[in-house]
Amino acid sequence: MKKWYMMCLAASAMALTAQENILKNGDFEKVKNGIFESWGYNRKIDKYHFVDSEVKHSGQYSLRFENVDTYDAFTNAGSPIANLKEDLLLRGWVKYENLSTANIDGKSHLLPFIGIWTNNANGTNNVNFSGLKLAAGSRDWFYFEKLFSAAAIQDVIARKPHDQRPASWSLRINIANQPGKIWFDDLELIRIPKDTFTAKLNATEFTADTAKAQLEINAAANSGSVTLAITDANQKKVQEKTIPVTGTLIKTEVDLTALAPGRYKLTLTPSGFEAKPVTIDFGKSAGIFDE
């Protein structure tokens, strides 16, 4: 079921450690009487969404929307807004065809939304936080991820007058006035504890002509700094730098130009917050003229 999904993530030196996926049936494999289990949605207008057994990222099924001339929505997970205290990582796979942003006869075609949706006590919508930026046109299956900062969400809510603050939140897929098609599959919404500290490189093996490696650091809601140190096979330190950390996902580069061919360890040591150091093993190969 998840074979191809895991293969695509294998290039990461270290993905997020196993955490609780709070989405139920995010892989859309549980279907009963033509309905996806564990999802709340507008069943009266089910002509807009479908159980697709032919086009899917993995497994047997995916969720497909098409030709939505009013609106449709799927919801999952969620709780009272006061319980949103940990960061949330949304990730999954999306494919779309002929998405439109045209305005026809005064009616605008809106791009689909997936992300954190908040509601007032009476059920009406309040403020929303998008997890994916889409564009008009078509695109084959691609992976996406978005880290939502609980502190940032609560800060936005706290700026509202007390009587205008939302009462609850959920993960929501919202489609309105959209003639195109879009598929979702293998969705996860993962709680990230405040003591989370992980990192990943864009690969574990680099060629001689690779100048920079891309590094992502997730320090959840923490703040402080992280020292990056590279040691060679003889445990000799060959590179070191310190970068500030302000939570969420931090993207930086690791300079590989001065590294000779061989095996290396990249060690990330946090300062200013409690977390264990992270070590990533990687290698640099010799060029064809260096062998």
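Me: Why does W39 count as buried?
Reply: W39 has 4% relative accessibility. Buried means under 20% relative accessible area, exposed over 50%, and partly exposed in between (1.4 Å probe, protein chains only), so W39 at 4% makes the cut. Bear in mind that this is a predicted model, where local features need pLDDT of at least 70, side-chain atom pairs count only at pLDDT 80 or more, and totals for chains, interfaces and linings use all residues. Residues are numbered from 1 along each chain as its sequence is written, and side-chain values use heavy atoms, leaving out hydrogens and water.

Me: And what makes F28 buried?
Reply: Its relative accessible area is 0%, so F28 passes by that cut-off too.

Me: How do you know that F28 and W39 are stacked?
Reply: Rings of Phe, Tyr and Trp (its six-membered ring) pair if their centres lie within 6.5 Å; planes under 30 degrees apart are stacked, over 60 edge-to-face, and the rest tilted. The structure has 13 such aromatic pairs. For F28 and W39, the centres are 5.2 Å apart with 15° between the planes, so they count as a stacked pair.

Me: Which residues do ring pairs link into a cluster with them?
Reply: F36, Y41, F65, F74 and F184 join F28 and W39 there.

Me: Why is R139 said to lie over the face of F142?
Reply: The rule wants NZ of Lys or CZ of Arg within 6 Å of the ring centre and within 35 degrees of the ring normal. R139 is at 3.8 Å from the ring centre of F142, so the distance fits. K95 also lies over a ring face, that of W183, at 5.5 Å from the centre.
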